[in-house]
Amino acid sequence: MTSEKITAAAAGTWKLGDLTVNRVGFGAMRLTGSAAFNLGAPSDRDRSIAVLRKAIELGVNHIDTAAFYFSSLRSANELINTALAPYPDDLVIAAKVGPFRTYSGEWGTSARPDDLRGHVEENLRQLGRDHMDVVYLRRMGQDSIAEHFGALADLQEEGLVRHLALSDVEPRHLAEAQAIAPVVSVQNRFGLDSSRPETEDMLRICGEQGIAFVPFFAIAGDGGAKGATTAHDDEVLAIADAHGVTPAQIRLAWSLAQGPHVLAIPGTGNPDHLVENVATGAIRLAEDELDRLNELHRKAG
């Protein structure tokens with residue numbers, strides 16, 4: 001089967017609360033330009049819209065976005081709205097709130113708890129929706145997240161938010177949030193070359209509790225918001241060659257292999273990369289290949 005014919009269903013499904021999603025989703029960060037935010041050249045609008053529509057054709061039903069995903073000319077949420085509204089019934093859109101960028105693109109002061117209503121409403125306005133399926137509280141370095149998460153729980157009670165989630169947190173923050181309201185997903189930086197004890201613990205805890213774990217920068221690696229890494233270890237290159245796929249696909253396949261609760265949200269503005277990312281869900285790494293990659297991960301520190 002060619003990559004073009006592989007759909008997001010190949011990786012299986014998981015539930016975000018009562019919402020079933022294919023494990024390979026789509027991250028909207030790179031829709032707006034050659035690099036995230038204002039770090040690169042703005043994208044071609046028609047191409048970005050075509051990528052979104054192609055994602056839906058390939059069975060993607062989980063999109064991760066944020067109102068602060070914009071470049072000098074493009075807004076991820078506006079592109080999503082234009083490309084996909086009226087939205088498919090099974091499409092789950094998740095948004096992150098907490099960080100803030102001014103209209104000029106500069107990072108502003110992190111949100112206070114009473115700012116979060118405005119953040120949620122701005123995502124709703126841009127997306128043309130009356131509620132968000134999932135809202136992530138992106139921790140902004142604060143020791144306690146109780147007040148911020150409590151503010152989102154209030155919005156959930158009002159019906160503006162269906163499910164709540166957390167980003168960039170440690171296990172203690174998850175426990176703190178769960179004392180207030182259920183958490184359906186945790187989104188942390190995690191990848192083959194990124195190993196932190198607290199994130200490893202979070203991956204395990206989420207699996208034990210049936211919570212989705214959603215790595216960001218799983219492909220980008222050290223490139224982060226600037227773009228995907230081109231520094232691939234020899235083991236990654238060898239395994240990619242054995243499967244006839246790209247090193248980026250092997251990095252993503254390794255992430256998915258960490259547990260059935262692990263979801264992928266690779267982002268791209270390139271239609272060819274989109275097809276490759278979705279096709280990654282059909283890659284099955286052999287036990288010895290996983291062992292070799294796991295060893296690389298352990299050494300990453």
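Leaving aside its neighbours within four places in sequence, with which residues is Pro247 in contact? In this predicted model, the residues concerned are His232, Val236, Leu237 and Ala240. Pro247 itself belongs to helix α8. Its C-alpha atom is separated by 9.6 Å from that of Glu235, and the two residues are twelve places apart along the chain.

Two of the residues that Pro247 contacts, Val236 and Ala240, are also among the buried residues of helix α7, which spans residues 234-243. The buried set of α7 consists of Val236, Ile239 and Ala240. These residues lie on the same side of α7, because the arc they cover around the axis is only 100 degrees. An α-helix has 3.6 residues a turn, so residues three or four places apart point the same way. On the other side of α7, the exposed residues are Asp234, Asp241 and Ala242. The buried residues of α7 pack against two helices, α8 (247-256) and α10 (287-300). At the N-terminal end, α7 is capped by Asp233, which has a side-chain oxygen 2.8 Å from the backbone nitrogen of Glu235. Gly244 follows α7 and has a positive phi, near 70 degrees.

Helix α5 (residues 171-178) can be described in similar terms. Its buried residues include His173, Leu174 and Ala177. Viewed down the axis of α5, the buried residues fall within an arc of 105 degrees, and they therefore line one face of the helix. The packing partners of these buried residues are α4 (146-158), β7 (161-167), β8 and α6.

The three residues named for α5 recur among the contacts of Leu166. Not counting residues up to four places away in sequence, Leu166 touches His173, Leu174 and Ala177, and also Tyr136, Leu137, Ile145, Phe149, Val183, Ser185, Val186 and Gln187. Leu166 is one of the residues with the most contacts inside the largest nonpolar core, along with Leu52, Ile80, Val120, Leu152 and Leu293. That core has 75 residues. A second core, separate from it, has 14 residues, among them Trp14, Val21, Val92 and Val134. In soluble globular proteins, nonpolar side chains tend to be buried together.

Aromatic side chains were examined next. The structure holds seven aromatic pairs. One of them joins Phe190 and Trp254 in a stacked arrangement, with the ring centres 5.5 Å apart and 20 degrees between the planes. This pair links distant parts of the chain, as Phe190 is in the loop between β8 (185-189) and α6 (197-209), whereas Trp254 is in helix α8, 64 residues apart. Phe190 and Trp254 are both buried. Another pair, Phe216 and Phe217, is edge-to-face, with a distance of 5.2 Å centre to centre and an angle of 80 degrees between the planes. Phe216 and Phe217 are likewise buried.

Elsewhere, one aromatic cluster is formed by Phe37, Phe68, Tyr69 and Trp107. Trp107 also has Arg101 over its face, at 5.6 Å from the ring centre. Arg101 lies over the face of Phe70 as well, at 4.0 Å from that ring centre.

Two members of the aromatic cluster, Phe68 and Tyr69, are touched by Lys96. Lys96 lies in strand β5 (residues 92-97). Its relative accessibility is 5%, so Lys96 counts as buried. The side chain of Lys96 makes a polar contact of 2.5 Å with the side chain of Asp64. Beyond Asp64, Phe68 and Tyr69, and not counting residues up to four places away in sequence, Lys96 touches Thr65, Ala66, Asn123, Tyr136, Ser167 and Gln187. Tyr136 and Gln187 are also in the contact list of Leu166.

A polar side chain in helix α3 was treated in the same way. Gln126 lies in this helix, which covers residues 116-127. Gln126 counts as buried because its relative accessibility is 16%, under the 20% limit for a buried residue. The side chains of Gln126 and Asn77 make a polar contact of 2.9 Å. Not counting residues up to four places away in sequence, Gln126 touches Ala67, Ser75, Glu78 and Asn81 in addition to Asn77.

Definitions and conventions
Residues numbered from 1 in each chain as written. Heavy atoms only, no water. Buried < 20%, exposed > 50% of the residue type's maximum accessible area, 1.4 Å probe, protein only. Helix = DSSP H or I, 4+ residues; strand = E, 2+ residues; numbered from the N terminus. Arc of directions from axis to C-beta. Contact = heavy atoms within 4.5 Å. Polar contact = N/O pair within 3.5 Å; in protein donor to acceptor, adjacent residues only side chain to side chain. Phe/Tyr/Trp six-rings, centres within 6.5 Å; stacked < 30°, edge-to-face > 60°. Lys NZ or Arg CZ within 6 Å of the ring centre and 35° of its normal. Core = buried A, V, L, I, M, F, W, Y, C linked by side-chain atoms within 4.5 Å.
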